[in-house]
Amino acid sequence: GVSGFASISFVTYALGFWTPPYIIRAHHATASEAGLVLGISSAVAGFIGVTLGGVLSDVFRRRSPHGRFFVGYIAIAIAVPTALGFLHAGSLWLAYVLSFLFNVGSSMWIGSAATTPNDLVLPRMRGTASAFYLLMVTFIGLALGPFTVGRLSDAFSRVDDPSAGLRGAMGASLLMFVLSVLLLWLGSRSVGADEATRVERARAAGEVV
């Protein structure tokens, strides 16, 4: 489950990092304008997305042991069309609007991802579980996401269109969601049993319960 959410972060961080350069290259926005508009919209969209995702996560969790995973699916379902629309937007302001909607959707998974590993361990082990989750997100999302898109952008670059390489690379990063869906599905199959047996697993690991 954690790896499924972490693979979503690959796309979230990759597109978040490369959106300002793409806006500048594709729509000829100034760096100051792109920074101001994207900075404010990303902050607002992130607040909406994380809050909405957290509320939905709790609602779904009360209905099913793997309810939190549904939020990951919803985030992907919103992120894919808005990202593709953003990359092929015909105007600057349409690109800004679609970027905002992408940021809402692509941030909805964060609460579910942080909570899921804590549901599977005893309270005194939650610090370790959270640290492991943060490492996964940092390595897969923050480190590999922007780096991979940058390398692909160089490979796809075209002299006649300075934005083509970055557009292709950002679009290709969405393929990571295929792995995300698979990993979330695999994690959802066992999360109920894992949560129900967390005390037994802690004893087996040598914890005094």
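**Exercise 1.** At what angle do helix α6 (residues 126–156) and helix α7 (residues 164–173) pack, and how far apart are their axes? Then classify the arrangement and look at who touches whom.

*Solution.* Keep in mind that we're working with a predicted model.

Step 1: Two numbers describe a pair of packed helices: the angle between the axes and the distance between them. For α6 and α7, the angle is about 135° and the axes are 7 Å apart.

Step 2: That angle makes α6 oblique to α7, since angles over 145 degrees would be needed for roughly antiparallel.

Step 3: As for handedness, α6 and α7 cross in a right-handed way.

Step 4: Now the contact itself. On the α6 side we find V149, L152, S153 and F156. They meet A164, G165, L166, G168, A169, M170, A172 and S173 of α7. Sorted by character, the residues of this α6–α7 contact come out as eight nonpolar and four polar, with no charged ones.

**Exercise 2.** Find the volume of the largest pocket and work out what lines it.

*Solution.*

Step 1: A water-sized probe rolled over the atoms shows where empty space is left. In the largest pocket, that space amounts to about 300 Å³.

Step 2: Count the lining: 17 residues, with T12, Y13, G16, N103 and S106 nearest the pocket's centre.

Step 3: Trace the lining back to helices. α1 (2–27), α2 (31–63), α4 (92–106) and α6 each contribute at least two residues. α1 gives the most, with six.

Step 4: Check the chemistry. The pocket lining splits into eight nonpolar and nine polar residues, and no charged ones.

Conventions. Residues are numbered from 1 along each chain as its sequence is written. This is a predicted model: local features need pLDDT of at least 70, side-chain atom pairs count only at pLDDT 80 or more; totals for chains, interfaces and linings use all residues. Side-chain values use heavy atoms; hydrogens and water are left out. Axes are lines fitted to C-alpha atoms, for helices over the stretch in contact, and angles run from 0 to 180 degrees between N-to-C directions. Helices (H or I, at least four residues) and strands (E, at least two) are DSSP runs, numbered from the N terminus. Angles under 35 degrees count as roughly parallel, over 145 as roughly antiparallel, 65 to 115 as roughly perpendicular and the rest as oblique. A crossing is left-handed if the near helix is turned anticlockwise from the far one by less than a right angle, and right-handed if clockwise. Contact means heavy atoms within 4.5 Å. Ala, Val, Leu, Ile, Met, Phe, Trp, Tyr, Cys and Pro count as nonpolar, Asp, Glu, Lys and Arg as charged, and the others, Gly among them, as polar. On a 1 Å grid over the protein atoms alone, a cavity is a set of points where a 1.4 Å probe fits but cannot get out, and a pocket is an open set with protein on both sides within 12 Å along at least five of seven lines; lining residues have an atom within 4 Å of a point. Grid points are joined across faces, edges and corners, and a volume is the space filled by probe spheres set on the points.
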